[in-house]
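Visitor: Hello! Could you walk me through this structure with a few questions and answers?

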Amino acid sequence: MIHKKLKALPKKLRDDLKNQPRMFGTCIFYDLHKDQCGIHSVRPEVCRAFGYHKDLVCFRKPELATKETLTFKETHIGYLSIDFTWKHF
Ligand code: SF4
């Protein structure tokens with residue numbers, strides 16, 4: 001899904017997202033210029049759950065973290081920025 005999303009992006013947008021200088025450990029899809037996820041509609045399960053579970057509290061809106069511990073439906077296959085980089089897309 002992420003691969004399809006990136007392929008569908010206009011080249012200029014994709015290149016802009018790809019070439020942003022990020023600190024080590026920052027998600028490769030985090031759009032520094034817009035302060036938002038660059039692949040929002042296809043972001044991974046943990047990203048969709050972030051901020052809404054007691055073990056995934058967001059400092060910007062901690063009051064939203066009311067759900068119990070997240071149980072993953074998707075299988076963990078690696079970490080963005082570490083196991084998956086732009087060369088995989
Ligand atoms: S961590 Fe998740 S929500 Fe944040 S930029 Fe990366 S894919 Fe998007």
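Guide: Gladly; what follows is a short round of questions on this predicted model.

Visitor: Which charged residue belongs to the shell around the ligand?

Guide: The shell divides into eight nonpolar residues, no polar ones and one charged. Its members are Cys27, Phe29, Tyr30, Cys37, Ile39, Arg43, Pro44, Cys47 and Leu80. Asp, Glu, Lys and Arg count as charged, so the residue you are after is Arg43.

Visitor: Is Asp35 buried or exposed?

Guide: Asp35 sits in the loop between β1 (30-31) and β2 (36-37). Its phi is positive, about 50°, although Asp35 is not a glycine. A residue with 12 or fewer other C-beta atoms within 10 Å counts as exposed. Asp35 has 7 such neighbours, so it is exposed.

Visitor: Where is Ser81, and how many other C-beta atoms lie within 10 Å of it?

Guide: Ser81 is found in the segment after α3 (45-49). Ser81 is not a glycine either, yet its phi is positive, near 85°. The residue is partly exposed, and its number of other C-beta atoms within 10 Å is 17.

Visitor: How far apart in space are Leu9 and Ile39, C-alpha to C-alpha?

Guide: Leu9 lies in the loop between α1 (2-8) and α2 (11-18), and it is partly exposed, with 15 other C-beta atoms within 10 Å. Ile39 is one of the residues surrounding the ligand. In sequence the two are 30 residues apart, while in space their C-alpha atoms are separated by 9.7 Å.

Conventions: Residues numbered from 1 in each chain as written. Predicted model: local features only at pLDDT ≥ 70, side-chain atom pairs only at ≥ 80, totals over all residues. Near = placed C-beta within 6 Å. Helix = DSSP H or I, 4+ residues; strand = E, 2+ residues; numbered from the N terminus. Buried ≥ 20, exposed ≤ 12 C-beta atoms within 10 Å, placed from the backbone.
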